[in-house]
Amino acid sequence: MMAKTKRRTGRKTGFVAAFAKARARDAHPHLGPINAASFAADRGVAVAKAANLFAYQKYLAAARADKARRKRVPESFERNVLAQARQARDDLDAFTGAGLRMIQQVNQTGLWGRTQAQFARTLRDRGPVDVRTMWAEIAGNAQYRTALAGHGISADMTAAMTEAFATLDATAVLRNGKVAVETRVAGERAPRRMALGAGASPPAGLSDLLRRSQFDRVAAAFANKEPVHLEIVPAAGLTAYEPADLFALGAVAVRQRMTEHVRKLEDTGLAIYEGNDPFSFTLALLVIGLFLGLVGSVIQHLCDNPTEVEQPEWLCTVGAALLIIALILLAAVFIIGFLEGAAFSIVAWIGLMLMAQYIADAYAHFTSFNVEGVPSS
Amino acid sequence: MPPVATRIGSISDVLVGAGDRLAPDPPVDTLAGFDVVAQFSQALLNQQLVRSLAYRRLATLTAYAPWGMLPLPAGLAALVPRRFALGLTAAEARLEVRLVQPHLAGLHWPADVTGIDGGPVVATTRRRARPRALGRGRTVDVGWSVEVNLLTSRLDMGLLARTASTGGGPPAGGSGRPQAEIGDLPDLVATDDFSAGDNRKWDRLTLATGRAITGADATLTVPAGQWRFGMGLDFADTVAVVTSDAAAVTEFLATDGGKTLLAQALAPLRTSSGVRLALDVAPAGALSAATVQHFALPPFTVRDILLTDQRGRLVLSLCAQLGTSTGGVLRLVRPLLGRQDFAYAASERVLGLAFKVCWKRAAGGLSFVGEVPVDLPVGDDPEITRPGRAQISIVFNDTLDDVALKAMPESRGDVVRLLGRQRLKLLNLWDYQGRRITDLGEWADPHDEAMVLPLNLFETGGARPDELNPNFRDLLLKLMAVLVFPTIQPSAIRAGSISGFCSAARKTMLVCWTLRTWQDDVRPPIVDTVAERV
């Protein structure tokens, strides 16, 4: 009865206020060290490239509508769309590269654990909260919007994000003391759920052991443009996803989607209907998730290291909230896409063409047929 | 292969080759709605025809009569060398008509194959062998070299002795293979020709030669329950139309005796079955009916079209659809060969089925052992780790869950991505000081997880063959065969000629190759350069 009363009271205060209330009151700095110079440089890249990507999304929608209206377009139109898409792919590569470098630093600061603990306390006090409510509270506050614009989230981006969140059903809940994300998928009775891990834990099994530090492996593959195939695959038995895992999964998935988008333009031209194009809702959500996570991390870093200008308390809370929203969003995308869970697979490229002579020589050896095609066994 | 929209040239392309930019658009309409489009050059059709005839011992057709039994036209009789004239009355001799060196001489396809007037095909490389109403069916002209020979008996005591000791049957495959020239008579060739119950050896002297064309009906062959298709030839009604610069040949073959000999020579061809014009296309290789049933492979519905490419060469195209699909449009099929001999375009669906079948045969239960670096926790704090090494075994599951064409960045072409399961087992673990950890705890439990194998046939970067685990390299070769050799019959190909593209957006893969020729075995001489001498 006491808990119910408390929860009801909590709802009246709003999510951001409840979140602020749950914040730990300890002395600065809370977090581990970050190389401020490279962090700021990567932040600059990420913000600029995110703006480019949002602009590209708007351009693409307009180009699609124009093509649909004109019925037939010249080849030069398609070439221009393709040129823009390739630029967007380069922007995305720079964005994810900078983002992963930032997250790699944040991984060592303890930020994930602190923020999730704060969120867990909020959920315990306030009950489940859906991501739309969280975002609406932030986007609906002029003071917040102005502050976030200073961190790269422009009015256009805010509008695009609001539109994207409107279609996403994702709720954060507390299960057995752990933060989890639930989402409902059409045709399924029970919601799908993914638990968020707060920090490193001993490897529970062989899979855990082999997957440790895979974030660094993905970051290196991105940074060095390594000849590897990266893909998100179904993975059962993973108990919880750490924030670093979600950001790495997001980076891999968003690059794959963008690659599909560009290759589709190369081979078939611009689709008139958005639903026929991989550059769609999912890709937009992934970019938003990654971007909000980066902005939230930057704000948290600034709050923890007040150098010239001390950040207001409410902005620090909003920064932490953005981080949480990013994690919920990324988790929701992956549990919608993968029933049992997701993991990334890294496979080195193989120079198959270098084996052409082998196969030319060996073909007669390993095929089981005679010249008339009768199986010999 | 460059994408469509970048293949824009300039006027200077007239002066400097434009390369691939001027090639036909690669991914567009490759399949034209079909699941498989296989195309064959005339060279490849010719090779398969000759090979198929040879396999059925039809590459040499022969018939003979005792010398003197048939009246010879004066022109032919005059060709018999004088030195033989006396001998022919004393020793046994034969008059032989022989057809050798078969080759593809012409293809005749009806105009209405495409279902449209003025379709791309009615083509031939030679005059038709026999009158037949155009449009009734597809016919193929098979050319031969015709010989009118004089066979003279040669007593071979050694052979007699050997034959007597082994029971005297004819040797396997003993149909007219020239073995050696004799002395100073270059056109007189010793042979090991045998007829039933005949244990004599014959010397052959070719009196005159000509050319013959035999016609055959070409028919699509789609054997039930074998998941393959091809094109066969039916010679049941065939006759030979003979031409020659030597009038003696045509004169003789116009006589009753000549006609009879020619008909006897053709008899095995007319009663033959199973002669193939095109390689049998089998996306998953040679399969038994039980395998086809086990994997529930939908049958192919096949159509054909004879196209003419930009260089005026004929291209036979076999176009297949799976199950009840009906989306294929024959008139949209375009020549894909370029300068090559074989092209194979397949849909993602066909590749998926083929790889699933082949995976079970090639990869099921295959295991690999190797070492990987790991971050090992030290002490009780999971945050504190040190680098270690793990020796693990990987066993591939024998089924694939998914086969898809996936877009790849960096313009290296898209990949055929195989997704399955693999079982991992930790065999050994060493810490950062190289000490073996004996208590593996729950890490020792086997673990099943997803297995991803991206196949980019056109990739030249990445791991080299000699860097691969030998078992894995063998597996890759077998998987590559699904893409490169989707045929029952093997072909010797020029390894460097393999080309094509893979399009995730089109859900299509195209592979082309060129036949290996004698020129591929010719090596340039070592060049003695001034620099080397200095």
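How much of the accessible surface of chain A belongs to carbon and sulfur atoms? The share is 54%, out of an accessible surface of about 16100 Å². The views below come from a predicted model.

**View 1. Chain A as a whole.**
Chain A holds 14 helices and 6 strands. It has 377 residues, and 54% of them are buried. Look next at the contacts in chain A with a separation of 6 or more: 80% of them are between residues 24 or more positions apart.

**View 2. Chain B as a whole.**
Chain B contains 10 helices and 19 strands. Of its 534 residues, 50% count as buried. Its accessible surface comes to about 24800 Å². Carbon and sulfur atoms hold 53% of that surface. Among contacts in chain B with a separation of 6 or more, 74% join residues 24 or more positions apart.

**View 3. Helices α8 and α12 of chain A.**
Helix α8 of chain A spans residues 155-166, and helix α12 of chain A spans residues 281-304. They pack at an angle of about 120 degrees. Their axes lie 10 Å apart. Angles of 65 to 115 degrees count as roughly perpendicular, and those over 145 as roughly antiparallel. The angle here falls in neither range, so α8(A) and α12(A) are oblique to each other. Their crossing is left-handed. Which residues meet here? From α8(A) come A:Met157, A:Met161, A:Ala164 and A:Phe165. From α12(A) come A:Phe281, A:Leu285, A:Ile288, A:Phe291 and A:Leu292. The residues of this contact divide into 9 nonpolar, no polar and no charged.

**View 4. Helices α10 and α11 of chain A.**
Helix α11 of chain A covers residues 243-268. Its axis and that of α10(A) come within 9 Å. The two axes cross at roughly 35 degrees. The crossing is left-handed. On the α10(A) side, the contact is made by A:Phe215, A:Val218 and A:Phe222. On the α11(A) side, it is made by A:Ala244, A:Ala248, A:Ala251, A:Val252 and A:Arg255. How do these residues divide? The contact of α10(A) with α11(A) has 7 nonpolar residues, no polar ones and 1 charged.

**View 5. A:Lys225 in a loop.**
Find the loop between α10 (214-224) and β5 (228-234) of chain A: A:Lys225 is in it. The phi of A:Lys225 is near 50 degrees. That is a positive value in a residue other than glycine. Is A:Lys225 buried or exposed? Its relative accessibility is 52%, so A:Lys225 counts as exposed. The cut-off for exposed is over 50%.

**View 6. B:Gln101 in a strand.**
B:Gln101 sits in strand β3 of chain B, residues 93-108. B:Gln101 is not a glycine, yet its phi is positive, at about 50 degrees. With 58% relative accessibility, B:Gln101 counts as exposed.

**View 7. A:Thr171 in strand β2 of chain A.**
Strand β2 of chain A runs over residues 171-175, and A:Thr171 is in it. Its relative accessible area is 19%. Buried means under 20%, so A:Thr171 is buried. What does A:Thr171 contact, leaving aside its neighbours within four places in sequence? Its partners are A:Pro128, A:Val129, A:Asp130, A:Ala180, A:Val181 and A:Glu182.

**View 8. B:Thr385 in strand β15 of chain B.**
B:Thr385 belongs to strand β15 of chain B, residues 385-406. At 22% relative accessibility, B:Thr385 counts as partly exposed. Not counting residues up to four places away in sequence, B:Thr385 touches A:Arg212 of chain A. In chain B, it touches B:Asp375, B:Leu376, B:Pro377 and B:Val378. Now find B:Tyr432. It is 47 residues from B:Thr385 in sequence. In space, the two are 9.6 Å apart, C-alpha to C-alpha.

**View 9. B:Thr514 in a loop.**
B:Thr514 is found in the loop between β19 (508-513) and α10 (530-533) of chain B. Its relative accessibility is 11%, so B:Thr514 counts as buried. Which residues is B:Thr514 in contact with, leaving aside neighbours within four places in sequence? They are B:Arg339, B:Gln340, B:Asp341, B:Ile493, B:Arg494 and B:Ser497.

Technical notes. Residues numbered from 1 in each chain as written. Chains lettered and ligands numbered in written order. Predicted model: local features only at pLDDT ≥ 70, side-chain atom pairs only at ≥ 80, totals over all residues. Heavy atoms only, no water. Axes fitted to C-alpha atoms, helices over the stretch in contact; angles between N-to-C directions. Helix = DSSP H or I, 4+ residues; strand = E, 2+ residues; numbered from the N terminus. Parallel < 35°, antiparallel > 145°, perpendicular 65-115°, else oblique. Left-handed = near helix turned anticlockwise from the far one by under 90°. Contact = heavy atoms within 4.5 Å. Nonpolar A, V, L, I, M, F, W, Y, C, P; charged D, E, K, R; others polar. Buried < 20%, exposed > 50% of the residue type's maximum accessible area, 1.4 Å probe, protein only. Areas by Shrake-Rupley, 256 points an atom, 1.4 Å probe, with all protein chains shown as cover.
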